[in-house]
Amino acid sequence: MRASRFHLATLKETPVDAEIISHQLMLRAGMIRRHAAGIYSWLPLGLRILRKVEQIIREEMDRAGALELLMPSFQPAELWQESGRWDQFGPELLRLRDRHDRDACIGPTHEEIVTDIFRREVNSYRQLPLNFYQIQTKFRDEIRPRFGVMRSREFIMKDAYSFDIDKEGMQRSYDIMDQAYINIFDRFGLDYRAVSADSGAIGGSTSQEFHVLADSGEDAIAFSEQGDFAANIETVEALPPRIERSAASAEMQTVDTPGMYTIEDLANGLGVSAQQCMKTLIVEAEDGGLVALVLRGDHELNALKAERLDGVASPLRLAQREQITATLGSDIGSIGPIGLNLKTIVDHSAAVVGDFVCGANQDDKHFINANWGRDCEEPVKADIRNVVDGDPSPGSTGQLKILRGIEVGHIFQLGQKYSESMQAAVLDENGKGIAPFMGCYGIGVTRVVAAAIEQNHDAQGIIWPAALAPFQLAICPINYHKSEVVKQATDDLYQQCLTRGLEVFLDDRALRPGVIFSDMELIGIPHRIVLSERGITAQQFEYKGRSDDSAQELPLDELKTFVDKLYPDQCAPG
């Protein structure tokens, strides 16, 4: 591809509304353009990369025996009503009515549609197992779309759905997809982890997420430093401390704490550590009342764990300030477990702290030197916190390490959730109707592109893994339009690369070398060859790998061999 025939729409300045590096670089590199909040067009450069992602996915899904189809974005409401999700899914489901006044939605996912296809097309166990997949546009009406295509309203997703006659078959299909996903992410060339996860709104039992590791990741991932344990922090058990609670060393006292409303304020004001302070959170109860959850000041509440507690409303909701003050008689920053007339659940780690600081249930007052069992009853204990670096790893030896990840894939064992609710059935070998066991397998195609950038970039721009790069090689001639020698050598090399089947980008624009080089760094082509009249006279060419610190001069008569070595699998015969 010649640059003079390509729409290379790079930007010098970073758009002010671009929050994270992938959003900034995708705009600057001319990959995407925004039309509305969370709505983007993919320009030619970005589309080339998107198609690379899709092709790898398609090849591995086909190899795993999945069958590609294409389902509609427009979905009738009655299918979602059958599954029970029409009212459950929430405002992210974009609901609408057509000209006949019939309810419908723009699909955020396709469990209902694929189950409807299955029940119309399949009637015997002999037709199983089946796995249908598609690569298609989805729409989720995010309340606050952000981070470019990382959390947009419209996005492209690969979703697959398996159908089996029993649980054992579902497990086999799940395992096949697990391996296919490993193959896919290995081929992407990204540093990723597969981790145990919560099934969320999709439902089902077993599920696993695939995360690209990046400092900007929204999800916290816990890994065992000595073992193969890995899970989303939401699902990881925080093991109870093995230490005994220390004995009380002083009498409890009430102290004035005006203006100390946070754990940080309290620790600094009283000269204690955050872990010595108790954090009391008031959440809504199932019956409309309140429940108190108590953690160490340096720990964070795990919402999934908390909402599974008896008596706690699900989904978890923090109580409104007005309800707290009306019920308890003091403001949020002064609430504590001592003398609190509420059902109170204390995290295991908080329950072993002695001589702690907590709210006195009076505005601007706290207790110091408070102790469980002496100043209040022994606590009801539960695991309600997120694990942190250094916690013991559940199920294996060693400690946990917390890294950030970007979720780009998720696989689920759905069981019979959708097949039963939508009355999809096949006849087994005895002629009995059986609701099939389903699996669901998603990859965020557009999100993969952004995640790859978050993980692979420098101050100059994007550093694409070879499999995802828009072009394999950039040829950058200096004075291409002024020097016949340069033009001839460049055209010869360009034609040789095309003959080898390489995806080559010839930058034949009449621009200064510095501008051309900056653009090539920005868009992230893995290899760059520079031809100049001075170099040709000296029988040299310049080469720079995208991750190299500097360029190198190499013999011109070795140019063909050099390109062959860069891409040995694409050398011309002979």
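Start with the whole chain in cartoon view: it holds 15 helices and 30 strands. Helices (H or I, at least four residues) and strands (E, at least two) are DSSP runs, numbered from the N terminus. The model is predicted, so local features need pLDDT of at least 70 and side-chain atom pairs count only at pLDDT 80 or more, while totals for chains, interfaces and linings use all residues. Residues are numbered from 1 along each chain as its sequence is written, and side-chain values use heavy atoms, with hydrogens and water left out.

Zoom out for a moment. The C-alpha trace spans about 90 × 70 × 50 Å along its principal axes. Of the 574 residues, 53% count as buried; buried means under 20% relative accessible area, exposed over 50%, and partly exposed in between (1.4 Å probe, protein chains only). Among contacts with a separation of 6 or more, 68% are between residues 24 or more positions apart, a contact being heavy atoms within 4.5 Å.

**Stop 1: the five-stranded sheet**

Select β26 to β30. These strands form an open sheet in the order β27-β26-β28-β29-β30, with mixed pairing; two strands pair if DSSP finds at least two bridges between them. At the edges are β27 (504-506) and β30 (552-555), each pairing on one side only. From one strand to the next, the twist averages 25°. Axes here are lines fitted to C-alpha atoms, for helices over the stretch in contact, and angles run from 0 to 180 degrees between N-to-C directions.

Now colour β26 (residues 473-477), which runs parallel to β28 (residues 527-531) and is joined to it by five bridges. In β28, look for R528 as the bridge partner of A474 and L531 as the partner of P477. On the β27 side, three bridges join the parallel pair β26 and β27, and I475 has L506 as its bridge partner. To get from β26 to β27, follow the chain through helix α12 (residues 484-500); this β-α-β crossover is right-handed. Right-handed means that, with the strands pointing away from the viewer, the path from the first strand over the helix to the second runs clockwise.

Which way do the side chains of β26 point? L473, I475 and P477 point one way, A474 and C476 the other, and all are buried. Five of the five residues of β26 are buried, so the strand is largely enclosed by the rest of the structure.

**Stop 2: backbone turns to inspect**

Move along to N479, in the loop between β26 and α12. N479 has a positive phi of about 65° although it is not a glycine, and at 45% relative accessibility it counts as partly exposed. Q539 is worth selecting too: it lies in the loop between α14 (533-537) and β29 (540-545), and its phi is about 60°, again positive in a residue that is not a glycine. Most residues other than glycine have a negative phi, and most peptide bonds are trans.

For a glycine, select G524, just after α13, with a positive phi of about 85°. In helix α13 (residues 513-523) itself, the buried residues include I516, F517 and M520.

Two cis peptide bonds come next. One joins L128 and P129, with omega about 0°; P129 is in the loop between α5 (111-121) and β7 (130-139). Another runs from S314 to P315, with omega near 0°, and P315 sits in the loop between α8 (303-307) and α9 (321-328).

**Stop 3: two helices and a buried valine**

Show α2 (residues 44-63) with α11 (residues 445-455): their axes come within 9 Å and cross at roughly 115°. I49, L50, V53, E54 and I57 of α2 make the contact with V445, T446, V448 and V449 of α11.

Finish at V408, in strand β20 (residues 400-415). Is V408 buried or exposed? V408 is buried, with a relative accessible area of 3%. Leaving aside neighbours within four places in sequence, V408 is in contact with residues including F185, F210, V212 and V448. V448 is also one of the α11 residues in the contact with α2.
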